[in-house]
Amino acid sequence: RSQLGQLFDRINMRVTVLYGHEPGNHDELEVQSSDTVKSIKQKILALHSPPDWANAVLLCLKGSDEYFDNKKKLAQCNVQDGAVLKLAYARNLSTIDKMEISCHRGDAERSRQELGKSKRQHSLTGENWQSM
């Protein structure tokens, strides 16, 4: 790699990383364009523990929903000096988690169907459903 290319890889930058749901939750970080996405996530996690339910962390430019790959360098993600990044906590679902959600959705759907049947039965018998 040329010296110019190596120099470009080491550009110092200052970025703001937003995290959590509170408006004031942010950190200013001194980073290099050669830093990986994973290293930025690790810096924030070292400062602020994730919620207990989270088992994944996502990072993207503020206003975007295209999350960066952990192995990419900030320069490859078009992150520039002064950029505002958004860090989001997430949960990767296991097969069991997915099955539980599916079951709950099925229960909710059955409840909606039963409620709909009850409303139809009451309207057929002339009862006022809303007063019950």
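Modeller: Two strands pair if DSSP finds at least two bridges between them. The model discussed here is a predicted one.

Biologist: How many helices and strands does the secondary structure of the chain come to?

Modeller: From the N terminus on, the elements run α-β-β-α-β-β-α. Each α in that string stands for a helix and each β for a strand. The secondary structure therefore comes to three helices and four strands.

Biologist: In what order do the strands form the sheet?

Modeller: Three pairings settle this. E1 and E2 run antiparallel and are joined by seven bridges, while E1 and E4 run parallel with three bridges between them. E3 and E4 pair in the antiparallel sense over six bridges. The sheet is open, its pairing is mixed, and the order is E2-E1-E4-E3.

Biologist: Which strands stand at the edges, and why is one side of each left without a neighbour in the sheet?

Modeller: A strand at the edge has a single partner strand, so one of its sides has no neighbour in the sheet. From one strand to the next, the twist averages 30 degrees. The strands at the edges are E2 (26–32) and E3 (56–61).

Biologist: Which residue in E4 is the bridge partner of Leu-18?

Modeller: Leu-18 pairs across to E4, the strand that runs parallel to E1. The partner in E4 also has Cys-60 standing opposite. That residue is Lys-86.

Biologist: At about what angle does helix H2 run to E2?

Modeller: H2 covers residues 37–47. The helix lies across E1 (12–18), E2, E3 and E4. Its angle to E2 is about 140 degrees.

Biologist: Is Asp-35 buried or exposed?

Modeller: Asp-35 is found in the loop between E2 and H2. Beyond its neighbours within four places in sequence, its contacts are Ile-40, Lys-43, Lys-72, Lys-73 and Leu-74. Its relative accessible area is 17%, and the cut-off is under 20%, so Asp-35 counts as buried.

Biologist: How does His-26 count, at its relative accessibility?

Modeller: His-26 lies in strand E2. Not counting residues up to four places away in sequence, it touches Thr-16, Val-17, Leu-18 and Tyr-19. Its relative accessibility is 36%, which falls between the limits of 20% and 50%, so His-26 counts as partly exposed.

Biologist: How far apart in space are His-26 and Leu-85, C-alpha to C-alpha?

Modeller: In sequence, His-26 and Leu-85 are 59 residues apart. In space, their C-alpha to C-alpha distance is 9.4 Å.

Biologist: Which strand gives the most to the lining of the largest pocket?

Modeller: The lining consists of Leu-18, Tyr-19, Gly-20, His-21, Pro-51, Trp-53, Lys-86, Leu-87, Ala-88 and Tyr-89. Four of these residues come from one strand, residues 84–90. That strand is E4.

Biologist: How do the residues of that lining divide into nonpolar, polar and charged?

Modeller: The pocket holds about 160 Å³ of space. Lys-86 is in the lining, and Lys counts as charged. Gly-20 is in the lining as well, and Gly counts as polar. The division is seven nonpolar, two polar and one charged.

Biologist: What share of the residues of the chain count as buried?

Modeller: The chain has 132 residues. The share that count as buried is 27%.

Note on methods. Residues are numbered from 1 along each chain as its sequence is written. This is a predicted model: local features need pLDDT of at least 70, side-chain atom pairs count only at pLDDT 80 or more; totals for chains, interfaces and linings use all residues. Side-chain values use heavy atoms; hydrogens and water are left out. On a 1 Å grid over the protein atoms alone, a cavity is a set of points where a 1.4 Å probe fits but cannot get out, and a pocket is an open set with protein on both sides within 12 Å along at least five of seven lines; lining residues have an atom within 4 Å of a point. Grid points are joined across faces, edges and corners, and a volume is the space filled by probe spheres set on the points. Helices (H or I, at least four residues) and strands (E, at least two) are DSSP runs, numbered from the N terminus. Axes are lines fitted to C-alpha atoms, for helices over the stretch in contact, and angles run from 0 to 180 degrees between N-to-C directions. Contact means heavy atoms within 4.5 Å. Buried means under 20% relative accessible area, exposed over 50%, partly exposed in between (1.4 Å probe, protein chains only).
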